[in-house]
Amino acid sequence: MAFNLKYKPYGERSILIEWPSIVDEKVLFDVLSFKEKIRNSTIELIINVNTAYNSILITYKFLNFNLNKSINKLKDLYLQKETYNKSACKQWRIPVCYDDFFAIDLDDMASAKNCSKEAIIKRHSQMSYTVYCVGFLPGFLYLGGLDGTLFTPRKATPRLKVEKGAIAIGGKQTGVYPMESPGGWNIIGNTPISFFDASKSTPCFAKPGDRITFYAVSLKTYYNTKALVDAGVYQMESEVLHD
């Protein structure tokens, strides 16, 4: 399926390519497919290709690149038949402790939704989430697929400190804080898994197109797992996707 894309100059040496402004897996995999085409193409002078939910930002080496010629090359490349190889994607299983010690906003969420904390935990952990992009912090995964009953507005006043590993809900999304930072999402748990490690050749284990599933663990299991993670011997649970 080909989309009607928009090509725009972005700064002095970049081109922004935009898809329809929706969160959709068809858009995501079309974005990823085009990114691979660009990386594997013979187009010269491209030094960086970054993706988001529904866009690609291409940065060129020199300021005086030919904008119109470059856009025409990209348009021709997009129409070449090729689909993203989903078999390169993985599904990752992430342990989460939803204990009250970590889940500092779970009581308020349960009260606002007139349901039990257990119901929220069940709904959150039974979904398979798609990784759409990585930002605003290194290793912060923007995940699609949250149960609609769990949609919760971001906090009016963000916290100055959110713990590393915090599992949170903000608007229609859920995510994991890869490091301590300010944040305005609603905290419902914590994972001992490290989502970003600058010492590794691949600092963030997951990439756009991958999937994430969460499963609940006790406080004891959380700390046992964290000890393995800190020792560098924990083995992540994952499987290759074939759909």
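# Worked exercises on a predicted fold

What covers the buried residues of helix H1? The cover includes strand E1 (6-9), strand E2 (14-18), strand E3 (46-51), strand E4 (55-60), helix H2 (67-78) and strand E6 (128-134). Helices (H or I, at least four residues) and strands (E, at least two) are DSSP runs, numbered from the N terminus.

A word on the ground rules. This is a predicted model, where local features need pLDDT of at least 70 and side-chain atom pairs count only at pLDDT 80 or more, while totals for chains, interfaces and linings use all residues. Residues are numbered from 1 along each chain as its sequence is written, and side-chain values use heavy atoms, with hydrogens and water left out.

## Exercise 1: the whole chain

Work out how many helices and strands the protein chain has, and how its contacts are spread along the sequence.

Step 1. Start with the inventory: five helices and 14 strands.

Step 2. Get the dimensions: the C-alpha trace spans about 60 × 40 × 35 Å along its principal axes.

Step 3. Check burial. Of the 243 residues, 48% are buried; that label means under 20% relative accessible area, with exposed over 50% and partly exposed in between (1.4 Å probe, protein chains only).

Step 4. Look at the contacts (heavy atoms within 4.5 Å). Take those between residues at least 6 apart in sequence, and 64% of them join residues at least 24 apart.

Step 5. Finish with the surface. About 13000 Å² is accessible, and carbon and sulfur atoms own 51% of that. Areas here come from the Shrake-Rupley method with a 1.4 Å probe; for residues, only the protein chains shown count as cover.

## Exercise 2: helix H1

Describe the length of H1, what caps its N-terminal end, and which of its residues are buried.

Step 1. H1 runs over residues 25-40, which is 16 residues, and reaches 22 Å from first C-alpha to last. That is close to the 22 Å expected at 1.5 Å a residue, where the expected span is 1.5 Å times one less than the number of residues.

Step 2. Go to the N-terminal end. Asp24 caps it, with a side-chain oxygen 2.7 Å from the backbone nitrogen of Lys26. That pair fits the polar contact rule: N or O atoms within 3.5 Å; within protein, one must be able to donate a hydrogen and the other to accept it, and residues adjacent in sequence count only if both atoms are side-chain atoms.

Step 3. List the buried residues: Val27, Leu28, Phe29, Asp30, Val31, Leu32, Ser33, Phe34, Lys35, Lys37 and Ile38.

Step 4. Zoom in on Lys37. Its relative accessible area is 7%, so Lys37 is buried. Beyond residues up to four places away in sequence, Lys37 touches Leu77, Tyr78, Gln80 and Glu82.

## Exercise 3: two positive phi values

Find where Leu45 and Asn114 sit, and say whether each is buried, partly exposed or exposed.

Step 1. Recall the background: most residues other than glycine have a negative phi.

Step 2. Take Leu45, in the loop between H1 and E3. Its phi is near 75°, a positive value in a residue other than glycine. Its relative accessibility is 41%, so Leu45 counts as partly exposed.

Step 3. Now Asn114, in the loop between helix H3 (106-113) and helix H4 (117-125). Its phi is positive too, at about 55°, although Asn114 is not a glycine. At 74% relative accessibility, Asn114 counts as exposed.

## Exercise 4: Tyr129 and Thr191

For Tyr129 and Thr191, find the polar partner of each side chain and the surrounding residues.

Step 1. Tyr129 is in strand E6 and counts as buried because its relative accessibility is 0%.

Step 2. A polar atom of the Tyr129 side chain lies 2.6 Å from the backbone oxygen of His124.

Step 3. Leaving out residues up to four places away in sequence, Tyr129 touches a number of others, including Leu143, Gly144, Thr174, Ile212 and Phe214.

Step 4. Thr191 is in the loop between strand E12 (186-190) and strand E13 (211-216). Its relative accessible area is 3%, so Thr191 is buried.

Step 5. The Thr191 side chain reaches the backbone nitrogen of Ile193 at 3.2 Å. Setting aside neighbours within four places in sequence, Thr191 is in contact with Ile94, Pro95, Gly165, Ile167, Val176 and Tyr222.
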